[in-house]
Amino acid sequence: MTDCIFCKITSGDIPSYKIYEDDYTYAFLDISQVAKGHTLVVPKKHSQDLLETEPEVLAHVIKSVQKVAQMVDKALKPDGINIVQNNRTFADQSVFHLHFHIMPRYQNDIDGFGYKWQTHSDAFDADAMTALADQIKHA
Ligand code: 5GP
Ligand code: ZN
């Protein structure tokens, strides 16, 4: 896609700090490091987000996510690693070419990761949970 920044990165038209590349995928350091080693993994074939990606492409991408996470883990020895993947603006997607964030987490280093996860278990009783599961199951 001509106007896509990640397509330009995978084709080499704009520079990146490349970590890994194979026939289908490309991994590079995120320009804004949330934590040391914050890396993006993308397919070379453009698709907007996870929901719109061909399963075969996604299979290649997720294998590369695992491989690159293992590389980051071996090289930087973080205390943990989050894999984050945003879909659509409302979910904080800002670049509309599928990408997975590999985010190393450190006890005693820079860590700009913030995720407030507030659960609402009491908002859904058993009937509501059953109805919810049925609704999704039958879609
Ligand atoms: P999103 O918010 O869409 O999940 O993540 C997009 C990510 O792409 C952001 O973390 C942002 O820092 C990164 N990014 C945007 N433009 C560039 C770029 O030109 N080069 C690199 N390496 N990362 C970029
Ligand atoms: Zn693209």
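1. Burial and overall extent. Of the 139 residues in the protein, 33% are buried. The model is a predicted one, and the values below are computed from its atoms. Along the principal axes, the C-alpha trace spans about 55 × 40 × 25 Å.

2. Secondary structure. The protein has 3 helices and 5 strands. Read from the N terminus, the order of elements is α-β-β-β-α-β-β-α. Several of these elements return in the points on the zinc site, the pocket and the ring pairs.

3. Zinc site, donors and geometry. Four protein atoms act as donors to the zinc ion (ligand 2): SG of Cys 4, SG of Cys 7, ND1 of His 46 and ND1 of His 97. Their distances to the zinc ion run from 2.0 to 2.3 Å. The angles among the 4 donor atoms are 103 to 117°. The site is classed as tetrahedral because all angles among its four donors lie between 85 and 135 degrees.

4. Zinc site, sequence context. Along the chain, the donors of the zinc ion (ligand 2) are spaced as C-x2-C-x38-H-x50-H. Cys 7 and His 97 link distant parts of the chain, being 90 residues apart. Cys 7 belongs to helix α1 (residues 5-10), whereas His 97 sits in the loop between β4 (80-84) and β5 (100-105). Cys 7 and His 97 are both buried.

5. Largest pocket. The largest pocket holds about 530 Å³ of space and has a lining of 27 residues. Nearest its centre are Asp 30, Ser 32, His 38, Leu 40 and His 101. The elements contributing two or more residues to this lining are α1, β2 (25-29) and β5. The largest contribution is that of α1, with 3 residues. By class, the lining divides into 15 nonpolar, 10 polar and 2 charged residues.

6. Leu 40. One of the residues nearest the centre of the largest pocket is Leu 40, which is placed in strand β3 (residues 39-43). Why does Leu 40 count as buried? Its relative accessibility is 4%, and buried means under 20%. Leu 40 and Leu 29 are separated by 11 residues in sequence, with their C-alpha atoms 6.1 Å apart in space.

7. Aromatic pairs. The whole structure contains 2 aromatic pairs. Phe 6 and Phe 28 form an edge-to-face pair, with 5.4 Å centre to centre and 75° between the planes. Phe 6 is in helix α1 and Phe 28 in strand β2, so this pair ties together parts that are 22 residues apart in sequence. Both rings belong to buried residues: the relative accessible area of Phe 6 is 7%, and the relative accessibility of Phe 28 is 3%. The other pair is formed by Tyr 26 and Phe 28; it is tilted, at 5.9 Å centre to centre and 55° between the planes. Tyr 26 is buried, as is Phe 28. Through these ring pairs, Phe 6, Tyr 26 and Phe 28 are linked into a cluster.

8. Backbone angles to check. Most residues other than glycine have a negative phi. Lys 77 is not a glycine, yet its phi is positive at about 50°. Lys 77 lies in the loop between α2 (55-76) and β4. With a relative accessible area of 62%, Lys 77 is exposed, because the term applies to values over 50%. Arg 88, also a residue other than glycine, has a positive phi near 80°. Arg 88 is located in the loop between β4 and β5.

9. Ile 62. Is Ile 62, a residue of helix α2, buried or partly exposed? Ile 62 is partly exposed, with a relative accessible area of 44%; that value falls between the 20% limit for buried and the 50% limit for exposed. Ile 62 and Val 42 lie 20 residues apart in sequence, and their C-alpha to C-alpha distance is 9.4 Å.

Methods
Residues are numbered from 1 along each chain as its sequence is written. Chains are lettered from A and ligands numbered from 1 in the order in which they are written. This is a predicted model: local features need pLDDT of at least 70, side-chain atom pairs count only at pLDDT 80 or more; totals for chains, interfaces and linings use all residues. Side-chain values use heavy atoms; hydrogens and water are left out. Donors are N, O and S atoms within 2.8 Å of the metal (3.2 Å for Na, K and Ca); water is not among the atoms, so sites may look incomplete. Four donors count as tetrahedral if all angles lie between 85 and 135 degrees; four count as square planar and six as octahedral if opposite donors are over 155 degrees apart and all others between 65 and 115; anything else is irregular. Helices (H or I, at least four residues) and strands (E, at least two) are DSSP runs, numbered from the N terminus. Buried means under 20% relative accessible area, exposed over 50%, partly exposed in between (1.4 Å probe, protein chains only). On a 1 Å grid over the protein atoms alone, a cavity is a set of points where a 1.4 Å probe fits but cannot get out, and a pocket is an open set with protein on both sides within 12 Å along at least five of seven lines; lining residues have an atom within 4 Å of a point. Grid points are joined across faces, edges and corners, and a volume is the space filled by probe spheres set on the points. Ala, Val, Leu, Ile, Met, Phe, Trp, Tyr, Cys and Pro count as nonpolar, Asp, Glu, Lys and Arg as charged, and the others, Gly among them, as polar. Rings of Phe, Tyr and Trp (its six-membered ring) pair if their centres lie within 6.5 Å; planes under 30 degrees apart count as stacked, over 60 as edge-to-face and the rest as tilted.
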